[in-house]
Amino acid sequence: MSEPVSALGGASFHGFATIREIGPLGMITLRAKGVKALDKAVKAVTDTKLPAPRRIEINGEKACGWMSPDEYLLIVPYAEVSATLASLAKSLAGEHHLAVDVSDARAIFRVEGDKAADVLRKLSPVDFEMLQPGELRRTRAAQVAAAMWAQDAGFTVVCFRSVAGYVMGLLTHSAQPGSEL
Amino acid sequence: MLILECPYCGVKAEETELSPGYEAHLKRFGPGASPEEFEAYMFARKNPKGVHFERWRHTYGCGKWFLAARCTATLEVFGTYPAQVSEPPADIIAKIQARRPGWQPDGKVTK
Ligand SMILES: [Zn+2]
C-alpha cells in the first residue's frame, strides 16, 4: 500500500502570516439536486446538515460545503474516503447523483495569523470584510480557481493539485514581511 | 469594472470571475431552416448602444450560466436572471423601463 502524499509535502512559509500546505485530506465531489435523501446521506457521512447556498458546515475534521446549486464538497479524513463513498452509494441508491473521490486532485493550504486576510486580499477580487463566518467563497487566486473560507483564526484555501506550486508561490509572495496592507 | 450578481449563488462577481457568453435570447435555427435563417443564427449579432441582454458564466464560482441586462453605453446593470428563460422576465423589463422610459423589449423606443 503506497502512502498518500500531499501536493507539496507540507511546504510552509513564515511571513507576516503563516502559509502551510496541509493534507492530504479526503475530498469528495457530490453532485445532486432535488434528491430527497440528500440531507440524510450527508448527515450520515459528515454528521453536518446540508449547507445552505455558499455556506460550509464544519464538524471537526469533516465538512460539507455548498459549491453550486447541484454540487457539494465533502471533506473527510483521507483514510475514510472509500467508506464515505460506499455510504453515499447506499443512501442515494436509485437517486440521480454522482459522488467521486477528488482527494488526489486537490491541494489545501492554511493561511494563519492576525493579517491572514491581507494575504488573500491581494490575490482575489473578494471583499473579505463582507465574508461571513462559515461562508465558502469560490473565486480565483490570481489566475487559477480557488475556494476559501475562514476557519480557526485563519483561512483554508483549496485549489487544484496541478497548480499547487503556483498557489504556494502566490501565497508566499503575498505574505512577504513588510508587504502588509 | 463590471460587477454582476450571480442569480444562482448570489455572489457579486467582478468581471474577472466571469466569462462572457455574448448575446442572450438567441433563437436557434437548425435542420429545416433556410440558409439565411441559419446564417443569421450563427453570425448576426446585435451591437446596440444602450440596453443589451447578455449571457455570462460564473466561471470562477458556481460555474452556472446566467443572463444579464445592462447598458453598453453607461455600463449600468439593470439586473441578472437565471438562464432558463427564452425572453427577459417582466421584472427585468420593469427595471429597465424605470431607468429608460419608453424603452421596449424589442429594442424600439416609444415616445
Ligand atoms: Zn454563481
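A residue counts as buried when its relative accessible area is under 20%. Keep that cut-off at hand for these exercises on a predicted model.

**Exercise 1. Work out what share of chain B is buried, and how much surface the chain exposes.**

Solution. Start with the chain length: chain B has 111 residues. Apply the cut-off above, and 34% of them come out as buried. Next, turn to the surface: chain B exposes about 6,700 Å². Finally, sort that area by atom type, and carbon and sulfur atoms supply 55% of it.

**Exercise 2. Trace the fold of chain B along the sequence and give its dimensions.**

Solution. First list the elements: chain B contains six strands and two helices. Then read them in sequence order, which gives β-β-β-α-β-β-β-α. Now take the C-alpha trace along its principal axes; the span is about 40 × 40 × 25 Å. As a last step, look at contacts in chain B between residues at least 6 apart in sequence: 47% of these join residues at least 24 apart.

**Exercise 3. Find the charge balance of chain B.**

Solution. Count the side chains: 15 are positive and 13 are negative. Then locate the centre of each set; the two centres lie 2 Å apart.

**Exercise 4. Describe the largest cavity and say which residues line it.**

Solution. Begin with the count: the structure holds three cavities of 30 Å³ or more. The largest cavity has about 70 Å³ of space. Its lining draws on chain A, with residues including R54(A), W66(A) and R138(A), and on chain B, with C9(B), H58(B) and C62(B) among them. Then group the lining by element: β5 (62-68) and β9 (137-141) of chain A each give two or more residues.

Notes:
Residues are numbered from 1 along each chain as its sequence is written. Chains are lettered from A and ligands numbered from 1 in the order in which they are written. This is a predicted model: local features need pLDDT of at least 70, side-chain atom pairs count only at pLDDT 80 or more; totals for chains, interfaces and linings use all residues. Side-chain values use heavy atoms; hydrogens and water are left out. Helices (H or I, at least four residues) and strands (E, at least two) are DSSP runs, numbered from the N terminus. Buried means under 20% relative accessible area, exposed over 50%, partly exposed in between (1.4 Å probe, protein chains only). Contact means heavy atoms within 4.5 Å. Accessible areas come from the Shrake-Rupley method with a 1.4 Å probe; for residues, only the protein chains shown count as cover. Lys and Arg count as positive and Asp and Glu as negative; His and the chain ends are not counted. The place of a charge is taken as NZ of Lys, CZ of Arg, CG of Asp or CD of Glu. On a 1 Å grid over the protein atoms alone, a cavity is a set of points where a 1.4 Å probe fits but cannot get out, and a pocket is an open set with protein on both sides within 12 Å along at least five of seven lines; lining residues have an atom within 4 Å of a point. Grid points are joined across faces, edges and corners, and a volume is the space filled by probe spheres set on the points.
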